[in-house]
Amino acid sequence: ERYGVSLPQKENPEEDEQYKEREGIFHALRFAGLYYFTLLKESEEASKARRYLEERGYDGNIIRKFGLGYASGSGNALLDAAGKEGLKVEYLVKADLIKPSKRNDGFYDTFRNRLIFPIFNPSGKVIAFAGRVLDQQKAAKYINSSQTPVYNKSEVIYGVNFAKNEIRKQSEVILVEGYTDVLSMIQKGIKNVVASSGTALSTQQIKILKRYGDKIIMIYDSDSAGQQAMRRGMRVALAGGMNVDLLELPENEDPDSFLKKYGRISFEELKVKESLDFVSFSVRQAENSGKMDHPAGITKTIAGILDIISEIPDPLARQVYVQHLHQKTRKYRNSSDRELFDQLGSILDQKKIKEKKSYRSLPPIPAREEISVPPSSPSADNDKLVKQSTRKKPHYEMELIRLMLLYGRDMIRYVGHECNDQLFEDLQLKEFYKDIMERYQKKEEVSIDHYTHRESPFPKLIADIIPERYTPSERHHEKTGSRLWRDKDPFLTVKSTIKPLKLHYLKRYLWELASYIEEADVEEKKKLIKKQKQTQREISRLERTPASELFPDPDDQSDTLGENKKFEYKMKHERNDETRQ
């Protein structure tokens, strides 16, 4: 791109080896999910697993919804079943469904004699499994799939595929510790609940949750491990810009046991009455433990809460929480909130010093002349438009416009949620995008025919963007009423288009920051360097993550936008019925 060299673009992602590998892994995982589920329902060996679920009060609907299953105690039952279906061993290994024997005499199943919990990504694909031990054997209570090309446990939230719409409705997510807590709460009608998949809450998990809501209610066990996990998770959630409340259940209760004893209404009442912001919760815990009875305990408690407040990125929110801390602790301190603000300032200064020491210079960045900077005046706009009209337009920007024109309002709504006009480098395409969005908001026509008859430069852009307008696909549509698009999955195509759009924007922004640093004063330079680091981290994340997982799936896909794939299970009698038919 820097030197004007055009490289051929792959039109079909299936040609990409990495894509093929991932699809092979997903296929193996889908097969395993169906196999485990069928075994749970039909195998005599799985009777102990069915009995366990019955004793826990889980009905058939929740078992089917979450695709629970059973892994045989045999060392290679899944491997044999997969072999009969023609699945490649390499994909089973890469999905961590089987492992090579240490004796070099073949492979064995990863999960054996365990209740199986499939783990889904936000779009509902099976990406991993967790297995719970059933017998009183000397083994870990839970084992999880190892990290694979499609599964990174620090980037996965258990149950988010089921909870995301309810989280949006309530702008609130309930975070619990265990898989069974999620099942119990959803079965009781509490649908905005997820779990952190048995790991410490991570920054990536918070980013996923923040897509759907900005408030999190954390429920952890009252034991020391649970409380420690709560404190760590609280910091991560606050640093991610979420509003954090904490709920402590009665002693010896977890969400599963509480709901079984007292029901959903009692839980909702307890949540309203007992949920506390992290400052109030921390002060109350310190009081209950006796820490606030001694000067050293008071000092340590307040310093610890201020350190947590320092994680909050919004300065106004930090100010509000410091004032709240002042109100909660004023009976222990005979002073104003000024000292609290001073101490917070010292904590923030120390963090900046550490950040500066850990900062590493970025790779060499092109000179400012190579940076595409948006013009600041109408005349500059016109000059830039003239210059750009003779240049080759970014293919991904043209592709985004094509998808919006071809697939209508569902596609335009999706693109509008994930993009904005500032991401565009080409000013003509930027104006085209803005015009489409304005017409969409006004509920006016957005079509190829409309823009073909508009003023310049729209007709010329249409000719460049959609050269196949009068292809056999169009004539087929005129004759039959059905359209043959070149996109097998339009939303996968648009995700693969948005990714380079955002990447190129961030790289331009990174170059701009580098040019501004040279002329900035000391304080401004610190801010610019921090922005550089944040931008570089986001670029790295975009580059290493497949487009299909970077962006959420649309909630409602119309039939014209591709097949709505579901994780379906067929029982033995259903398969027999189909065979007879």
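Visitor: Why is Val93 called partly exposed?

Guide: In this predicted model, Val93 has a relative accessible area of 31%, and because buried means under 20% and exposed means over 50%, with partly exposed in between, Val93 counts as partly exposed.

Visitor: Where is Val93 placed, and what does Val93 form with Val89 and Phe107?

Guide: Val93 lies in helix 5, which covers residues 89-94, and together with Val89 and Phe107 it forms a nonpolar patch on the surface, the three sharing about 200 Å² of accessible area. A residue of such a patch needs over 30% relative accessible area, and Val93, at 31%, has that.

Visitor: What makes helix 21 mostly covered?

Guide: Of the 28 residues in helix 21, 22 are buried, and buried means under 20% relative accessible area. This helix, residues 490-517, reaches 41 Å from its first C-alpha to its last, which is close to the 40 Å expected at 1.5 Å a residue.

Visitor: How do you know that strand 4 and strand 5 pair?

Guide: Two strands pair if there are at least two bridges between them, and strand 4 (residues 114-120) and strand 5 (residues 126-133) have seven, in the antiparallel sense. Leu115 stands opposite Arg132 in strand 5.

Visitor: Why do strand 1 and strand 6 stand at the edges?

Guide: Four strands form an open sheet in the order 1-4-5-6, with antiparallel pairing. Strand 1 (69-71) and strand 6 (142-144) each have a single partner strand, so one side of each is left without a neighbour in the sheet. From one strand to the next, the twist averages 35°.

Key: Residues numbered from 1 in each chain as written. Predicted model: local features only at pLDDT ≥ 70, side-chain atom pairs only at ≥ 80, totals over all residues. Heavy atoms only, no water. Patch = residues over 30% accessible without salt bridge, like charges linked within 9 Å, V, L, I, M, F, W, Y side chains within 5 Å. Areas by Shrake-Rupley, 256 points an atom, 1.4 Å probe, with all protein chains shown as cover. Salt bridge = Lys/Arg side-chain N within 4 Å of Asp/Glu carboxyl O. Helix = DSSP H or I, 4+ residues; strand = E, 2+ residues; numbered from the N terminus. Buried < 20%, exposed > 50% of the residue type's maximum accessible area, 1.4 Å probe, protein only. Expected span 1.5 Å × (residues − 1). Axes fitted to C-alpha atoms, helices over the stretch in contact; angles between N-to-C directions.
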